[in-house]
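Here's a quick briefing for anyone about to load this model and look around. Pockets come up early, then the core, then a handful of residues worth clicking on.

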Amino acid sequence: MTSIHQQPAGRPDSGLTFIPVAWLIVVMGLSAYGLISSWRLIGDFNLPESVLFLIYGGLAGGLVTILWGLYLLSLAFNRSARFPRHYTIWQVAIILWLIVRQAYTLLMPDFVFSAEALGFTAAEIAIGLLCIYLLRHGAGAETVYANPETERPPLLVSLVAALLGIILGGASGACAGFFAGSLIADATHMSCFEGACGFFAAFIGLAGLIVGAIAGGIFAIWRVNRRKTAKTV
């Protein structure tokens, strides 16, 4: 006998509760961009120690943000009732990281004050607080993210799918990026002096790897959670 899944009573959702999911994807994209930008600086010991510390901390933070974000997306795609709470924990951690990073750059003498960077950080924090507010209890999020735990695939299934998606997507993106970089280098008659054209192709390949890994992970999680299991009594 089939039963109808009823949404919990409460304030109707206005559609704004999907903004946190969009912001989650944006933050993951920004983290990927940070990984690409900082990758070439790894091993450059000519930089001050405070700068290297920030670079390696940013790389670690970016990886954690992306992997944690993939897990949150698996909850969001399945409309899991656990998503608002887990997203709030993630967003608080991101805000704390932004505050610590900004304070570090302001206190260390090796960094120059930038009003643009400070404004960008403030905007990220403001959007994060808005997302937390949109997912607060009683705001209507419970009418969207209402699926009980039994109606979602096991966590291990989502994680394995995400891992396979990251590997396959990363490999495909790296190959496509390297091929595209080689074509661009040839089309623009880029100089190969001291391997410049090769480094350019490798850089585009690295960018393709990161973008492909994120896209592959998101697609794999969406594919696994797309089908809802039948509800039986």
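**Pockets, core and a few residues**

The lining of the largest pocket is a mix of 17 nonpolar, 12 polar and two charged residues. Keep in mind that this is a predicted model. The chain has six helices and zero strands, so what you'll be looking at is α-α-α-α-α-α from the N terminus on.

**Overall build**

- There are 233 residues in the chain, and buried ones make up 38% of them.
- Take the contacts with a separation of 6 or more: 80% of these join residues 24 or more positions apart.

**The largest pocket**

- If you're after a volume, the largest pocket holds about 990 Å³ of space.
- Helix 1 (19–39), helix 2 (49–77), helix 3 (83–107) and helix 4 (115–134) are the elements that each give two or more residues to its lining.
- The lining of the largest pocket runs to 31 residues, and those nearest the centre are Gly-34, Ser-38, Leu-54, Gly-58 and Arg-101.
- Which helix gives the largest share of that lining? Helix 2 does, with eight residues.

**The second largest pocket**

- This one comes in at about 240 Å³.
- Its lining has 12 residues, with Leu-35, Leu-63, Ile-66, Ile-210 and Ala-213 lying nearest the centre.
- How does the lining of the second largest pocket split by class? It has 12 nonpolar residues, no polar ones and no charged ones.
- Helix 1, helix 2 and helix 6 (196–226) each put in at least two lining residues.
- Helix 6 gives the most to the lining of the second largest pocket, namely five residues.

**The nonpolar core**

- The largest nonpolar core counts 38 residues, and the members touching the most other members are Met-28, Leu-72, Phe-83, Tyr-87 and Tyr-145.
- Two or more residues of this core come from each of helix 1, helix 2, helix 3, helix 4 and helix 6.
- Helix 2 has the largest share of this core, at 10 residues.
- Phe-83 is a handy place to start clicking: with neighbours within four places in sequence set aside, it's in contact with Val-21, Leu-72, Leu-75, Ala-76, Leu-135 and Tyr-145.

**Between helix 2 and helix 3**

- Ser-80 sits in the loop between helix 2 and helix 3.
- Is Ser-80 buried or exposed? Its relative accessibility is 1%, so it counts as buried, the cut-off being under 20%.
- The Ser-80 side chain also reaches the backbone nitrogen of Arg-82, at 3.1 Å.

**Helix 2 against helix 1**

- Leu-59 belongs to helix 2, and because its relative accessible area is 9%, it goes down as buried.
- Leu-59 and Leu-35 are 24 residues apart along the chain, and 5.9 Å separates their C-alpha atoms.

**Helix 3 and the loop after it**

- Thr-105 is part of helix 3.
- A polar atom of the Thr-105 side chain lies 2.8 Å from the backbone oxygen of Gln-102.
- Beyond its neighbours within four places in sequence, Thr-105 is in contact with Leu-54 and Phe-111.
- Met-108 is in the loop between helix 3 and helix 4, and it counts as partly exposed because its relative accessibility is 32%.
- Where does Met-108 stand relative to Ser-50? The two are 58 residues apart in sequence and 7.4 Å apart in space, C-alpha to C-alpha.

**Helix 4**

- Leu-130 is a helix 4 residue, and at 42% relative accessibility it is classed as partly exposed.
- The C-alpha atoms of Leu-130 and Ile-19 are 9.2 Å apart, though their positions lie 111 residues apart along the chain as a separation.

**Worth a second look**

- Helix 2 gives the largest share of the largest pocket's lining and also the largest share of the largest nonpolar core.
- Leu-54 turns up both among the residues nearest the centre of the largest pocket and as a contact of Thr-105.
- Leu-35 is one of the residues nearest the centre of the second largest pocket, and its C-alpha is 5.9 Å from that of Leu-59.

Note on methods: Residues are numbered from 1 along each chain as its sequence is written. This is a predicted model: local features need pLDDT of at least 70, side-chain atom pairs count only at pLDDT 80 or more; totals for chains, interfaces and linings use all residues. Side-chain values use heavy atoms; hydrogens and water are left out. On a 1 Å grid over the protein atoms alone, a cavity is a set of points where a 1.4 Å probe fits but cannot get out, and a pocket is an open set with protein on both sides within 12 Å along at least five of seven lines; lining residues have an atom within 4 Å of a point. Grid points are joined across faces, edges and corners, and a volume is the space filled by probe spheres set on the points. Helices (H or I, at least four residues) and strands (E, at least two) are DSSP runs, numbered from the N terminus. Ala, Val, Leu, Ile, Met, Phe, Trp, Tyr, Cys and Pro count as nonpolar, Asp, Glu, Lys and Arg as charged, and the others, Gly among them, as polar. A nonpolar core is a set of buried Ala, Val, Leu, Ile, Met, Phe, Trp, Tyr and Cys residues joined through side-chain atoms within 4.5 Å. Buried means under 20% relative accessible area, exposed over 50%, partly exposed in between (1.4 Å probe, protein chains only). Contact means heavy atoms within 4.5 Å. A polar contact is a pair of N or O atoms within 3.5 Å; within protein, one must be able to donate a hydrogen and the other to accept it, and residues adjacent in sequence count only if both atoms are side-chain atoms.
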